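User: Please examine the structure shown below and answer some questions on its packing and local geometry.

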Amino acid sequence: MQCFAESALNCPPEVAVNLSFYEDFQETPADVELLLKAKILRYSFNTWKSHSSVNKKYFEMCDSRDIASYPVNVGVLNFSLLSLAQAGKSIGIVESLIKAVSFFSEFLGCGPVATHYNVTQMGNFLNKVCPKVTNKKDGLRASHIRKLWDQMEEIGIHNFKKSTLRSFVMAVFMHSTLCRFSDAASLKVDDLIFHENYFTVNI
């Protein structure tokens, strides 16, 4: 069971021992391993991958102090959060660590951590001092549309796949009309009203 915890959960093997939830589960190690595998399949691979990579910071803190990772030591967790803040990490990274540690804690039967009073207080404090990073993207500009037109003319419209042409037409249409994709995707030919130099659309 220790090897399973180390390989499947990407965490120290001692995590699987001395947990009250599994100590009360009076079955063989093979049965406990089967239970863990069943619980693992409840989540996608990307969920495990993201939480495991973020959780590494907490594991390193516990390992350096020779402290068991689970049940969660709130003091070590808070120190891990402070270390992220000192390194200039954003509040998003801090919150990701809290979620990851809490995710594993609940999975292993140790109960939630994110709602612990000391953790929430530390989170509120770091929310005031850590930088906030937003991945705001620029909208589709007329210059982008012009560049797309130039590429279409240079390569030749007959050399594009139908799916590429469809995406191009949708991009140009939505930029020109400010129409949302959900509305544009449901349009029919009867909804287009053609005029001499332009057309209007019934939505």
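User: With which residues is Ser90 in contact, leaving aside its neighbours within four places in sequence?

Analyst: This is a predicted model, in which local features need pLDDT of at least 70 and side-chain atom pairs count only at pLDDT 80 or more, while totals for chains, interfaces and linings use all residues. Residues are numbered from 1 along each chain as its sequence is written, and side-chain values use heavy atoms, with hydrogens and water left out. Contact means heavy atoms within 4.5 Å. With neighbours within four places in sequence set aside, the partners of Ser90 are Cys130, Pro131 and Val133.

User: Is Ser90, in the loop between H5 and H6, buried or exposed?

Analyst: Helices are DSSP runs of H or I with at least four residues, strands are runs of E with at least two, and both are numbered from the N terminus. Buried means under 20% relative accessible area, exposed over 50%, and partly exposed in between (1.4 Å probe, protein chains only). Ser90 has a relative accessible area of 15%, so this residue is buried.

User: Which helix gives the most residues to the largest nonpolar core?

Analyst: A nonpolar core is a set of buried Ala, Val, Leu, Ile, Met, Phe, Trp, Tyr and Cys residues joined through side-chain atoms within 4.5 Å. The largest has 28 residues, and Tyr58, Tyr70, Leu77, Leu81 and Val94 have the most contacts inside it. Two or more residues come from each of H3 (29-40), H4 (45-64), H5 (74-86), H6 (91-107) and H7 (117-129). The element that gives the most, with 8 residues, is H6.

User: How are the rings of Tyr58 and Phe59 arranged: stacked, edge-to-face or tilted?

Analyst: Rings of Phe, Tyr and Trp (its six-membered ring) pair if their centres lie within 6.5 Å; planes under 30 degrees apart count as stacked, over 60 as edge-to-face and the rest as tilted. The structure holds 9 aromatic pairs. For Tyr58 and Phe59, the centres are 6.3 Å apart and the planes stand at 45 degrees, so the pair is tilted.

User: Which residue has a side chain in polar contact with that of His195?

Analyst: His195 is found in the loop between strands E1 (192-194) and E2 (199-201), and is partly exposed at 35% relative accessibility. A polar contact is a pair of N or O atoms within 3.5 Å; within protein, one must be able to donate a hydrogen and the other to accept it, and residues adjacent in sequence count only if both atoms are side-chain atoms. At 3.5 Å, the side-chain partner of His195 is Thr200.
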